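Please open the model in your viewer with side chains switched on, and keep a selection box at hand for the stops below.

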Amino acid sequence: MSEYREREKNEIEGGMLYLVATPIGNLSDLSERAIKVLSEVDFIAAEDTRNSRRLLTALGISKPMVSYHDHNRRERGEEIALRLKSGESCALITDAGTPGISDPGEDMVALCAEEDIPVTLIPGPCAAINALVLSGLPAGKFVFEGFLSAKSSERKAALRELAAEKRSIIFHEAPHKLRATLDDMCEIMGEDRRIALCRELTKLNEEIIRTTLGGAVALYSEKEPRGEYVLVLEGAKQADGVEFWTNMTEREHVDFYLSQGMSKNEAIKAAAHDRGVHKSEIYKLVL
Ligand code: SAM
């Protein structure tokens with residue numbers, strides 16, 4: 001083991017940005033390497049310094065901290081980049097999980113890439129991957145969508161664009177939006193599409209609900225959604241007569257093709273071809 005370790009890349013390098021993955025609910029998931037980096041860098045940039053200070057205090061680490069979040073990422077990113085260029089080392093942590101996935105970590109990496117600043121990732125928990133693996137749905141090919149819009153019209157438009165996606169689709173979801181999202185998914189993808197609702201991952205109340213969209217809507221009409229969720233939705237099947245447009249109106253079907261960049265004429269022709277009808281029939285309905 002010690003011989004093996006000698007070959008590991010564990011020394012802190014000046015001028016390097018260390019993205020450090022932190023637990024999504026279970027403190028024991030913080031790696032030995034993550035603790036070493038957090039203890040040894042010159043300073044830590046955190047999405048929520050109060051939150052992260054609690055984590056660092058639990059680990060007995062005291063370090064200078066700066067905040068780096070959605071609202072200050074431009075100016076603060078430049079300041080962090082300047083400090084890195086002057087030779088300081090920095091660890092970037094976000095609220096939970098892997099920085100860069102649905103959080104401002106991604107902008108800091110882009111800035112470092114632009115300015116030729118070396119960046120590395122200390123890997124660890126990531127809610128989306130945790131959920132995908134536990135979903136029981138195909139995990140070999142998948143699409144990550146992050147959060148859907150809180151606005152119903154935008155959410156539905158995004159779901160329509162995904163209706164024909166064959167790979168498993170991963171979404172982040174907040175409990176107060178869960179019912180509305182499930183209703184929209186059920187309306188657009190159909191009640192038989194399978195879904196895994198992965199809640200409170202790595203926590204005491206971890207739960208994986210493997211059901212269909214119809215089943216999920218029924219479940220949450222009786223039960224209050226609580227905790228943090230990742231949703232993993234089965235991809236569209238294009239066999240056994242179930243097509244991605246089965247639950248769409250003619251207008252939605254045409255809109256789907258328009259959103260894929262087709263002209264109006266092409267979209268009408270494609271929808272008519274899918275449905276096995278003459279294009280004039282679709283034309284009449286969508287005008
Ligand atoms: N960067 C993070 C990661 O790698 O997991 C994700 C950040 S995103 C702002 C936060 C979302 O991740 C939550 O709204 C929820 O959808 C999901 N999430 C985080 N922790 C979770 C947990 N313990 N169980 C289920 N979902 C979780």
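What follows is a tour of salt bridges, taken residue by residue. Bear in mind throughout that the model is predicted, and that the count of salt bridges in it comes to 20.

Begin by selecting R76 and E79, whose side chains meet in a salt bridge with an N to O distance of 3.0 Å. Both belong to helix 4, which spans residues 73-85, and because they are three residues apart there, about one helical turn separates them. If you add a surface, R76 is partly exposed at a relative accessible area of 23%, and E79 is likewise partly exposed, with a relative accessibility of 41%.

Move next to E165 and R167, a salt bridge in which the closest N and O atoms lie 2.8 Å apart. Is each partner buried or partly exposed? E165 is buried, its relative accessible area of 16% falling under the 20% cut-off, whereas R167, at 38% relative accessibility, counts as partly exposed.

Now select K203 together with E200, which form a salt bridge whose closest N and O atoms are 3.4 Å apart. Here the acidic partner, E200, counts as buried at 14% relative accessibility, while K203 is partly exposed, with a relative accessible area of 26%.

For the final stop, select D70, R73 and D107 as a group, since salt bridges that share partners join these residues into one network.

Notes:
Residues are numbered from 1 along each chain as its sequence is written. This is a predicted model: local features need pLDDT of at least 70, side-chain atom pairs count only at pLDDT 80 or more; totals for chains, interfaces and linings use all residues. Side-chain values use heavy atoms; hydrogens and water are left out. A salt bridge is a side-chain nitrogen of Lys or Arg within 4 Å of a carboxyl oxygen of Asp or Glu. Helices (H or I, at least four residues) and strands (E, at least two) are DSSP runs, numbered from the N terminus. Buried means under 20% relative accessible area, exposed over 50%, partly exposed in between (1.4 Å probe, protein chains only).
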